[in-house]
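Please look over the structure below together with the notes that follow, which take up its sheet, its core and one helix position in turn.

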Amino acid sequence: MVFVLARYLLMPLALIAAALFLMAAHIIGTSLHHQAAWQRTIATVTDVSPYSEMQANGLATQGINVAVAYVANDAPMSWSGKGKDIGLYKASAGDKIEFYYDPADPSKLDTAAMKGWSGGLLLLAVTGGFTVFYVWFFWLRRRNAPPASPMMPSAVRVAGAGARPAEQQRGTFGRR
């Protein structure tokens, strides 16, 4: 009874852990794809200005607006907007930063710097480990019948000493 209750009470946590695992895998996969398929360029930060925006819940978000100049497909390009859109959270004018750009659309930039790589691996390990353990422990492993109490006769004595194994009493829910 407690086992079944724990199985279903922990199910939302296992589903959340599985979703976090998939999201972390997607982020890492996207970053690796950008490093492999996109072109690399060095961008120069031309302008930086801080901003603060108010969220609907009343909290203020701090960040930076940046403008960068770079060369993509042998043509000079520039980009400006919120730094977090291209993975840039701290910068000063004149900084040189390595970016990856999409060869089909050079205005799409990504730092692909794998910031927080160790945290991402930790998230993958913990969420994946918890989900795998939950599925194995609560859904896949075979549960053995609890040991017979000393007050109850054993299965061999109930079925008879000369009974073949097929005739012996089965454990809980027909499992051996």
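**Sheet, core and a helix position**

In this predicted model, strand β1, spanning residues 39–54, pairs with strand β4, residues 96–102, in the antiparallel sense, and six bridges join the two. One residue of this pairing is glutamine 39, whose bridge partner in β4 is tyrosine 101.

**The sheet**

- The sheet is open and is built from five strands, which follow the order β3-β2-β1-β4-β5 with antiparallel pairing.
- Because β3 (75–82) and β5 (105–110) each have a single partner strand, they stand at the edges, and one side of each is left without a neighbour in the sheet.
- On average, and with direction ignored, neighbouring strands of this sheet are turned by 40° against each other.

**The nonpolar core**

- The largest nonpolar core holds 15 residues, of which Val68, Tyr70, Trp79, Ile86, Leu88, Phe99 and Leu109 touch the most other members.
- At least two residues of this core come from each of β1, β2 (60–72) and β4, and β2 supplies the largest share, with five residues.
- Isoleucine 86, when residues up to four places away in sequence are not counted, touches Val66, Trp79, Phe99, Leu109, Asp110 and Thr111.

**Alanine 24**

- Alanine 24 lies in helix α2, which covers residues 11–37, and its relative accessible area of 7% means that alanine 24 is buried.
- Leaving aside residues up to four places away in sequence, alanine 24 touches Leu123 and Leu124.
- Although alanine 24 and leucine 121 are 97 residues apart in sequence, their C-alpha atoms are 8.4 Å apart in space.

Note on methods
Residues numbered from 1 in each chain as written. Predicted model: local features only at pLDDT ≥ 70, side-chain atom pairs only at ≥ 80, totals over all residues. Heavy atoms only, no water. Pairing = 2+ DSSP bridges. Helix = DSSP H or I, 4+ residues; strand = E, 2+ residues; numbered from the N terminus. Axes fitted to C-alpha atoms, helices over the stretch in contact; angles between N-to-C directions. Core = buried A, V, L, I, M, F, W, Y, C linked by side-chain atoms within 4.5 Å. Buried < 20%, exposed > 50% of the residue type's maximum accessible area, 1.4 Å probe, protein only. Contact = heavy atoms within 4.5 Å.
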